[in-house]
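Here is a short tour for anyone meeting this structure for the first time. Have a look at the picture, then read on.

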There are 2 protein chains.
Amino acid sequence: MDHASSLRETGWDVRQRARRGALRGVTQGLAPGHVQANLAILPREYAADFQRFCALNPRPCPLLASSEPGDPALPTLGRDIDIRTDLPRYRIWKDGEMVAEVEDLREHWREDLVSFLLGCSHSFEEALAADGLEMRHIANNTPVPVYRTNIACTPSGRFQGPMAVSMRAFRPAEAIRAIQITSRFPAVHGAPVHIGKPELIGVDLDKLLAGQPLTLMPDELPLFWACGVTPQTVVAACRPSFCITHAPGHMLVTDLLNSRLAVF
Amino acid sequence: MDHASSLRETGWDVRQRARRGALRGVTQGLAPGHVQANLAILPREYAADFQRFCALNPRPCPLLASSEPGDPALPTLGRDIDIRTDLPRYRIWKDGEMVAEVEDLREHWREDLVSFLLGCSHSFEEALAADGLEMRHIANNTPVPVYRTNIACTPSGRFQGPMAVSMRAFRPAEAIRAIQITSRFPAVHGAPVHIGKPELIGVDLDKLLAGQPLTLMPDELPLFWACGVTPQTVVAACRPSFCITHAPGHMLVTDLLNSRLAVF
């Protein structure tokens, strides 16, 4: 695919490529401008508690859509979505342990499965980059550093646990701008939950939960956004009998435009 | 005046009280909800440069209105304003030195004088307080600490100088909220220009330009807003042959509502 056609690629195009096995890598940078989403699939018996967990914790778990049980379609997120085939890679979990990484869910599908699609930081990072704010993990092409905090999520049934946060470093005036920009996007984690003083939320910058460490420059402040890793760790801790997630970085690319998520 | 009638007091009421000499104190807390404004009056020969200085430096110098030369009215700010009588107290400056503090400008008035009214932090502080954010200088009933920075204003003719900033301390999550709230009010200084790390803008928290010092708590970050002291120090440094300002804290109370200044 040449550069010009890549620029015009839509969410539907990306999903079709994944569906026919022609896309196996991460989705970052694909179909620019389109909302990408985290995926968690749970049996119906867990669905009500998890749906409520997301409602109670919208910063780490901004729910974009959930499916009917057994239905692989997500009509509010895009045309003709088949959640079983349209992501490049999935993880299968049994009793809280990952048991397989697969490129197609059709042979694992069950009529009691409910899909949950959650907003992802790719959307607000696009808005930050469009404003000229440089993010070092993107410049370095490394995964964003993620930390476990001492901020407890509001529990719902069996789902509970601490909030995970991603960290991006900015100089102070840029930090203020980053807060303004991401405040416009509550559907994709919204404003940071913390700035400066990582120790106040139980974070040691050298002890990561996921991603790659970044060195803070003397003129930078760390900003912490609620992170989509939160629902993953919360679900893992609950050890459901069965669960499916996207493989890290291998997201659902939707038909929604990031710019349409802005609230003002 | 009893409490109930004070709550209903309008900008017009406050101005009438000042006009007839019945109000001589500061205006903080009067006519709640109404925009208060800083005043600078300059001879016509300085007016074009100062008007452009404000346009070039909207964060420290958010110009709400300027008058026709010699005209004491400000029709866009309120009904029947007479700038010569409607503030409780003024300062007269000659060649950059304060020569008098007066309660009435009528005997000092000249046909070449142009009035400039600038937005004031009282407006955004009202929005912060309404959101439940406590400001220690208000709780202590002391003037907000003000610092000279190493941030140069954009010069216009003879007007130039460093930006002054006011400082308010908040815990990190409150700091993020304070940035969101004040971002809505660009007409009254808007978002902070800096957060944390005072040394990066040339500020030593122990060396004040004005106001009273505040002790930072270990869980607080200092936030710095562009301050209406900036035009005062810039005008003083230019040593105009003649100038009038409000006395500190003795503002013009307008008919505008703070809530109407919000941009979204």
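Which residue in strand 7 of chain B does Arg148(B) stand opposite? The partner of Arg148(B) there is Ala164(B).

## Before we start

This is a predicted model, so to speak of local features a pLDDT of at least 70 is needed, side-chain atom pairs count only at pLDDT 80 or more, and totals for chains, interfaces and linings use all residues. Residues are numbered from 1 along each chain as its sequence is written, chains are lettered from A and ligands numbered from 1 in the order in which they are written, and side-chain values use heavy atoms, with hydrogens and water left out.

## The four-stranded sheet

Back to that pair of residues. Strand 6 and strand 7 (residues 162-170) of chain B run antiparallel to each other, joined by four bridges. Strands here are DSSP runs of E with at least two residues, helices are runs of H or I with at least four, and both are numbered from the N terminus. Two strands count as paired if DSSP finds at least two bridges between them.

Strands 6 and 7 belong to an open, antiparallel sheet of four strands in chain B, with the order 6-7-9-8. Strand 6 (146-152) and strand 8 of chain B sit at the edges with a single partner strand each, so one side of each has no neighbour in the sheet.

Chain A has an open sheet of four strands too, in the order 6-7-9-8 and with antiparallel pairing. In chain A, strand 7 (residues 162-170) and strand 9 (residues 221-226) pair over six bridges, again antiparallel. Ser166(A) faces Trp225(A) of strand 9 in that pairing.

## A hairpin and its neighbour

Elsewhere in chain B, strand 3 (residues 90-94) pairs with strand 4 (residues 97-102) in the antiparallel sense, over five bridges. Across that pairing, Arg91(B) stands opposite Glu101(B). The two strands make a hairpin with two residues between them, and Asp95(B) in the turn has a positive phi of about 50°.

Strand 3 of chain B also has five bridges to strand 10 (residues 242-246) of chain B, and these two run antiparallel. Here Tyr90(B) has His246(B) as its bridge partner.

## A salt bridge across the chain

Now for some charges. A salt bridge means a side-chain nitrogen of Lys or Arg within 4 Å of a carboxyl oxygen of Asp or Glu. The count over all chains comes to 36 salt bridges. One of them joins Arg239(A) and Glu97(A), with their closest N and O atoms 3.2 Å apart. This pair ties together distant parts of the chain: Arg239(A) is in the loop between helix 7 (229-238) and strand 10 (242-246) of chain A, while Glu97(A) is in strand 4 (residues 97-102) of chain A, 142 residues apart.

## Where the two chains meet

Chain B lands on chain A after a rotation of 180° with 0.0 Å of shift along its axis (RMSD 0.0 Å). The two copies are therefore related as by a two-fold rotation axis. In chain B, Gln180(B) has the C-alpha nearest that axis, at 3.2 Å. The superposition is by least squares on C-alpha atoms of residues with pLDDT of at least 70 in both copies.

Each chain brings 18 residues to the contact, where contact means heavy atoms within 4.5 Å. Together chain B and chain A bury about 1500 Å², 77% of it on carbon and sulfur atoms; buried area is the accessible area (1.4 Å probe) that two parts lose on being put together, summed over both. In chain B, Ile176(B), Ile195(B) and Lys197(B) lose the most area to chain A, together 32% of what that side buries. Between the two chains there are zero salt bridges.
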